[in-house]
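This report introduces a structure to a reader who has not met it before. It treats the meeting of two chains and then two individual residues.

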Amino acid sequence: MKWYEVISTIDRRIIYVLLTVLVILPFFTRVTIPQNIMPQTQRLFDFIESVPPNDKAVIMTFDYSPQTMPECHPMAKALLKHCFARNIPVIGVSFDPQGPGLAVDAITSVVDRINHYATSKEDSLVYGKDYVYLGWKSGRIAAMLDMGESIAGVFPRDYFGTSVDSFPLMQRIRNYKEVAIAIVLSAAAYPDDWIRYPQTRYGVNIGAGLTAVMAPKYYPFLQTGQIAGMMSGMKGAAEYEKLVLEHGYARELGTAETGMNSQSMIHILIIVFILLGNIGYFFSRRQK
Amino acid sequence: MLAILPPTDLQAIDKPNDAGSSVNLSWKLSSDDSMIDGYVILRRLVSDTTYHEIGLTGRGVSFFEDEGTQDGQEYVYIVASVKNSRLFTSEPSNNATSYPQVFHTGRINVLLCIALFTAFLGYFVSQARTGKELFIRRIPGLAAVDEAVGRATEMGKPILYVPGLGDIDWTATIASMNILGEVAKKIALYDTPLIVPNRWSVTYTVSKEVVKEAFVTEGRPDKFKEDYVRYLTEAQFGFAAAVNGIMMRERPATNFFIGRFWAESLIIAETGAQTGAFQIAGSDSVLQLPFFVTACDYTLIGEELYAASAYLSREPLLLGSLTAQDYGKIIVLVILFGFTLFSFFNINLLALLEVQ
Amino acid sequence: MKRIIPLFICLLIGFSMIIQFFIPHPTSLEFGSTIYKWVIVLIVFALVLAIGNLIRHHGTKIRRQKKDWPYSIVTLSSMIGMAIIGLFWGIQAESLFQKIYLNVFAPLSATMFALLAYYMASAAYRAFRARSLEATLLLAAAFIVMIGFMPFGQYIHPRFPAFAEWVMRVPNMASQRGILLGVAFGAIATALKIILGIERAWLGGKE
Amino acid sequence: MSTDPWIWIGAFLTLMIFSFLFKDNPFYKFGEHLFVGVANGYYIALYWHNSLKPNLFDPLSAGNYLYIIPLLLGLMYFTRFIPKISWLVRIPIGFMIGWGAGLAIPAHFQAEILRQLEGTVITPESFTNITAGIWSVIIMVGVVCTLVYFFFSREHKGILKPTSRLGIIFIMIGFGASFGYTVMARVSLLIGRIQFLLGPWLGLIR
């Protein structure tokens, strides 16, 4: 067999093995491929930068499921790190029933890490003062509208069953007037509802963290400013992680960076194989 | 403290095109809009004397929808600017009553479209009935159907027909059932086994009926086997896993993937390509078509899927409807060019296309 | 009779669903939701037939000891087991039913989904060959987008990511719209033919 | 390494499905058959609790006799086992097909034809930014040519030939772009599975 026949008829199993190795490799090595920052990610970051500390809160909605976790989970963690580092209180909610488990995981892992390094009581994060997670509510449109009147009215108790009136944070943050931005983390078209209802009615700012499949749908909203900023897919999450790290808000990059490296590797692998196939095809046709 | 100006020109009307229980309010913003905290909306029955608060909005908003009215009751509204919990109220609105509507005027364009298209369809179908010869261009994927069936017969292997993963409310599934009927008729003439796996219980009952009727039509009801049409599972990826299993173990010589598909499209098409089967795909799922194009021998793209049953059966009535579809597209082109042209003469017709 | 009655039912329901779209009155909404509830009931009845088919398929396999018959036991026993757990012990959160869903159903489903990454690679390698103008364009567009949306895209040219986005936003969108418009006409014509009884494969084709 | 038996089950099932990439084998066969069984059991229980009980038995026992109609229609499915009246099975089928078709017609006109047209028409505002204007012209050309490709009742000759050819060019560019973009989205699913295996199961990564 000629060399060009070999490279144009590589067994698929060889591709599969290489692909598996390349996905796993970045988890154990520290090669990082430099990132460019897409403008929508920068805008979201800049927005959070502009929120004054110890004042208005950020609402984060955890509306993704385990399947889209590799994309949305690191977004949530990077955002939490950013907010906590700047002393911006965070209120977590979910309108997707699969959200709570993931929300609790994201919040506790970020909080534990920060408190682990905290040197004083002021440095450490306190539940109910710096952050709360209110849990899941059905009927999301009605709920997100009613939160404009009173957040505590929609969520009288938090996810763990404690009355929210007992939290100093919730005594201060009553409705959207005390909310700087609501950031929707989702694999579905949830930002539509946020734009259509609470934004038109209460003028609340909307940010988004969406899967790569969903994101292109929202470019027009970015253009009009209805969405203040957006992370799209794992790439968006990795960009945000990088911004958070560069500004000294975190000690290390998160999982999206690793995932992004795996993703880049796979892209390069596919490109290389397509090229090999075409080179082989080109030469074998010339022979005929 | 300075007095704040209230909003003016408060208008209340029944919300149009709805099921009742809603009144739309609109007003001119207060001249002090930039200084206030927002607006409070209050309401009373005409027969009543006190106003009750029913909602509030942010500043810069001059519209409110009261979704809690009783149909047939008369209401009066006032809107107030709010500053530091003090209210500065507007003049009362006109009296308004909500009631449900019987016809949705915002959808009249859709109704016209349906009427027009039905008329086209009726006209061309009746033309076809009179025996007028109708042309249809060659569609490579469909021209290959005979070859595909013949190949399986020669090899003595089964034919796999996946009617998509959409339930019966996806029109692509209905189109797929029509194509299945034509394919099954061709198969009925030979001794080739057929496998039709289904994801939905309803499509299972329909495809079973379609295949059975096809065998009856060709005069071979005895050849039909209950096992030809199977139910697998409703789980999207469970279905894909089981179809992979069928392709690996029963080794069909020809695979048809026709209907509505989602992310599983490439999983099954690529497995089929690895078994060396001859593959014809057809779908209206724009996002899945690229995968079928790369992994299958022939792909029916978009509307070709809907032309297939006419193409295969050559039945004049069905061919007639293809002509109607083409005229529909011509009208679309005319609208596209016409509206663009008019808009440059400052006649904006886009509102005609809006549906509420 | 055997054709007229089913055709009439089909016409009646189809026509009422169209009319229903144009009437905002509560009565019309209630009609729509009642029909929808009936549809759900019909789906369940059809499911009884469908599950019957599945049981018979695997039952025959086991009885005749056809190739791979032991796996049919896996399907039937896991189905019956899961159904019993769900029917008698409930399906609420934290139940055994949900536990099995999360730890058996979900990983199986997610892994099948993940196979796509591999299949994309092998399909691209096999099919993306510059055989014709069309194939070359397909290949080129895929290349541009794959490189442009990755971090290394900017090193080829600083404007490369923007170009990739343009390909998505302009030519890609144009072709998608064109396909969608065609599809809509095909779908409407098919649905109309079904309601009007012109297309009747489900009744056995010709009269 | 995990001590939770559920994690081990999840990990083994994950590996069973992945083994299919090498070739069809007993592990995959087991995983596949278990998947079909568990999924069907899952939906049986779900349909009972969420569909049949609230939509048929509850209203019937509450004396809402309108629900005898779906009950009768549903029972007609079973007439296919009785040759004499087996044609009755066509009644529920006609009901379902009619419902699906009727629902689809206005929806397609609204969401696909009218809305897509609205997005494609060019207006003077499209040219407030000159490059954006040029792009909207290209989009319109692409839409028109793609649509022409789908003309069935005419031979693609004369003016139709170059336009439909340009149409297929647009279609292929669109397909390529769409393929390339989706690679990115799907790889993250694989990364999710790998993270599960390396993290919760093997404990090799945090």
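Two residues are said to be in contact if their C-beta atoms, placed from the backbone, lie within 7 Å. The model is predicted: local features need pLDDT of at least 70, side-chain atom pairs count only at pLDDT 80 or more, and totals for chains, interfaces and linings use all residues. Residues are numbered from 1 along each chain as its sequence is written, while chains are lettered from A and ligands numbered from 1 in the order in which they are written.

Between chains C and D, 98 residues of chain C are in contact with 90 residues of chain D. On the side of chain C that touches chain D, at least two residues come from each of α1 (4-21), α2, α3, α4 (96-127), α5 (133-148) and α7 (160-196) of chain C. Helices (H or I, at least four residues) and strands (E, at least two) are DSSP runs, numbered from the N terminus. The largest share of this side, 23 residues, is supplied by α7(C). Its classes comprise 78 nonpolar, 14 polar and six charged residues, where Ala, Val, Leu, Ile, Met, Phe, Trp, Tyr, Cys and Pro count as nonpolar, Asp, Glu, Lys and Arg as charged, and the others, Gly among them, as polar.

Two residues other than glycine have a positive phi.

| Residue | Phi | Place |
|---|---|---|
| Asp9(B) | near 55° | strand β1 (residues 8-14) of chain B |
| Asp68(C) | near 65° | loop between α2 (26-63) and α3 (69-89) of chain C |

A residue is buried if 20 or more other C-beta atoms lie within 10 Å of its own, exposed if 12 or fewer, and partly exposed in between, with C-beta atoms placed from the backbone. Asp9(B) is exposed, because 12 other C-beta atoms lie within 10 Å. Asp68(C) also counts as exposed, with 12 C-beta neighbours inside 10 Å.
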